[in-house]
Amino acid sequence: MNITVFCSAYSLDARYTAPAAEFARLLGEAGHTLVWGGSHAGLMGLLADGVKEAGGRLVGISVELLAHKTYEGADELVMTADLAERKAQLLARADAVVVLVGGLGTLDEVTEVLELKKHALHDKPVVVLDTEGFYAGLRTQLERMDQEGFLPRSLAELITFAATPAEAFARLDRAS
Ligand SMILES: CC(C)=CCNc1ncnc2c1ncn2[C@@H]1O[C@H](COP(=O)(O)O)[C@@H](O)[C@H]1O
């Protein structure tokens, strides 16, 4: 499977890096391909190192503006002209999307993937690895949208939240 992962470009505390490393190991050991932003920065670099060490494949979708942060050693590197093209490629290359902890870049990416799924422009699984309840606020907001009629599809169809790397991994096939 090609698993697109969105996550922080910053170096984080071990309570965030350890689950990300564990997820990378599971992905690599299963022989999957990591599709990601193609950077060596922070959690993105840690994830790529972990997948590679565990025997997985790396496909980086980088962007001109961040070319100086490109990860050395990806099996395939795609250079896109801008962030919009990169987001489109990250989704196009995915069989499933996983969201680890992250900031505005990650939020931007997952929001776009969900909006496109809302419009039935794709039906790929979207799984959030909700480490340390990092996404509790986002989940509350999405549940309110769901309960109060802001979503044309049920939230459960759009996105799945997992508490552990193993749970996130197990949901890749099953989530809709
Ligand atoms: C200055 C610095 C640390 C480098 C940032 N370098 C980056 N290289 C590649 N992709 C990125 C970068 N920053 C943001 N992104 C994209 O946005 C997400 C991370 O942004 P954030 O840290 O959550 O907001 C990633 O999933 C990635 O696809």
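Ala84 and Ala92 are exposed on one side of helix H3, which spans residues 83-92 in this predicted model. The buried residues of H3 are Arg86, Lys87, Leu90 and Leu91. These four lie on the same side of H3, because they cover an arc of only 130° around the axis. The helix therefore has its buried residues on one side, while Ala84 and Ala92 belong to the other.

Confidence in the prediction can be stated briefly. The mean pLDDT of the protein is 96, and 98% of its residues reach 70 or more. For the model, ipTM is 0.88 and pTM is 0.95.

**Strand S3 and its partners**

Strand S3 comprises residues 57-63. Six of its seven residues are buried, so that the strand is mostly covered. S3 pairs with strand S2 and also with strand S4. In a regular strand the side chains alternate between the two faces of the sheet. The two pairings are set out below.

| Pair of strands | Sense | Bridges | Facing residues |
|---|---|---|---|
| S2 (residues 33-36) and S3 | parallel | four | Val35 and Val59 |
| S3 and S4 (residues 76-80) | parallel | five | Ile61 and Val78 |

How is the connection from S2 to S3 made, and of which hand is the unit? Helix H2, residues 42-53, joins with S2 and S3 in a β-α-β unit, and this unit is right-handed.

**The surroundings of the ligand**

Helix H2 also takes part in the shell around the ligand, where H2 and H4 each supply at least two residues. Which helix gives the most to this shell? The answer is H4, with four residues. There are 18 residues around the ligand, and those that come nearest are Gly37, Ser39, Gly102, Gly103 and Gly105. By character, the shell divides into eight nonpolar residues, eight polar residues and two charged residues.

**Two loop residues with positive phi**

Most residues other than glycine have a negative phi. Against that background, two residues of this model deserve mention. Ala120 has a phi near 60°, a positive value in a residue other than glycine. Ala120 lies in the loop that runs between helix H4 (104-118) and strand S6 (126-129). Is Ala120 buried or exposed? Ala120 counts as exposed, because it has 9 C-beta neighbours inside 10 Å, and the cut-off for an exposed residue is 12 or fewer.

Glu132 is not a glycine either, and its phi is positive at about 60°. Its place is the loop between S6 and helix H5 (136-147). Glu132 has 12 other C-beta atoms within 10 Å, and is therefore exposed.

**Helix H5 and Leu142**

Leu142 is found in helix H5. Why does Leu142 count as partly exposed? The reason is that Leu142 has 19 C-beta neighbours inside 10 Å, whereas a buried residue requires 20 or more. Leu142 can also be placed relative to Leu155: the two are 13 residues apart in sequence, and their C-alpha atoms are 7.3 Å apart in space.

Key
Residues numbered from 1 in each chain as written. Predicted model: local features only at pLDDT ≥ 70, side-chain atom pairs only at ≥ 80, totals over all residues. Pairing = 2+ DSSP bridges. Right-handed = clockwise from strand over helix to strand, strands pointing away. Near = placed C-beta within 6 Å. Nonpolar A, V, L, I, M, F, W, Y, C, P; charged D, E, K, R; others polar. pLDDT = per-residue confidence, 0-100. Arc of directions from axis to C-beta.
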